[in-house]
Amino acid sequence: MALNLLKSWLFLVLMYLLINYSTCSNHTLLAKRSNPSHFAPAVATWYGDRDGAGSGGACGWANDVKSAPFSAMIAAGNAKLFLKGKGCGTCYQVLCTRKPYCSKNPITVTITDECPGACNNVPFHFDLSGTAFGAMSSPGQADKLRNLGVVNIQYRRVKCNYGRTKIAFKIDPMVNPYWFAMAVEFCDGDGGLDAVEIGLNGSKEFRSMENTWGAVWALNIDPSFRGPFSFRLTSRRNEAVLALNAVPHGFKPGKTYYSHVNFGF
């Protein structure tokens, strides 16, 4: 009798362990399938000219999106992508699989503009430039894909990589002796900035700038505050770089100045 009871007890223990192992294994599998690096569903449309570059207006980059390194591979994002300007500069892979129009190869785009209104009827909406939308197509299918107007896509956040291009500072055309502002462009890695500080030539003291809109950072100054200017930039991943003397004395409003640094990726 004791032997039979022992066998029964061992059997129950074994079954308990098997069930719990199976449950844990399923949770592990689900966790892997839920990995944030995987693609998630979204909607894509396009705006502007069929082979156009789109816009950098809502981020403060104007027509810079036409030229390298953006090279028209940009998108306007809805509220959950644009994030009231905090999404400016973030990079995504977008993937279209609709047959026979799409290549099924992901392309990388940067958020440079906002898509308001109806774009917020879905959780995530990418309004691509005509060029970027066509880049999702199979050979010879670009115009047919554009004619669809709207397609379901997959997307995922990726690190930005602008190659040899360094962080740039696009001076606001309305700067004056009492107000300085600039749009920061081409940040590798996270793509966005959590803080920007400005310092005079050789100074070890930096003043915090305010993110007024999009990728534009500004500061109230006085006529004694003159260039060259250095900048201490902090990404949203708390990575920091120092751009020494990036904007020269006698800078021109509206002009873009390139630094010699960028974030790692």
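Visitor: What is pLDDT, and over which residues does pLDDT stay under 50?
Guide: pLDDT is the predictor's confidence in each residue, from 0 to 100. This is a predicted model, where local features need pLDDT of at least 70, side-chain atom pairs count only at pLDDT 80 or more, and totals for chains, interfaces and linings use all residues. Residues are numbered from 1 along each chain as its sequence is written, and side-chain values use heavy atoms, with hydrogens and water left out. The stretch under 50, with two contacts (heavy atoms within 4.5 Å) beyond four places in sequence, is residues 1–36.

Visitor: What is the strand order of the open sheet of five strands?
Guide: Strands are DSSP runs of E, at least two residues, numbered from the N terminus, and two strands pair if DSSP finds at least two bridges between them. Pairing in this sheet is antiparallel. Strand S11 (210–213) and strand S15 (256–258) are the edges, each pairing on one side only. The order is S11-S12-S8-S7-S15.

Visitor: Which residue in S12 is the bridge partner of Ala-183?
Guide: Strand S8 (residues 179–185) runs antiparallel to strand S12 (residues 216–220), and five bridges join them. The partner of Ala-183 in S12 is Val-216.

Visitor: How many residues has the largest nonpolar core?
Guide: Such a core is a set of buried (under 20% relative accessible area, 1.4 Å probe, protein chains only) Ala, Val, Leu, Ile, Met, Phe, Trp, Tyr and Cys residues joined through side-chain atoms within 4.5 Å. Val-94, Phe-126 and Met-136 are among the residues with the most contacts inside it. Another core, of 25 residues including Phe-263, lies apart from it. The largest core has 41 residues.

Conventions. Helix = DSSP H or I, 4+ residues; strand = E, 2+ residues; numbered from the N terminus. Buried < 20%, exposed > 50% of the residue type's maximum accessible area, 1.4 Å probe, protein only.
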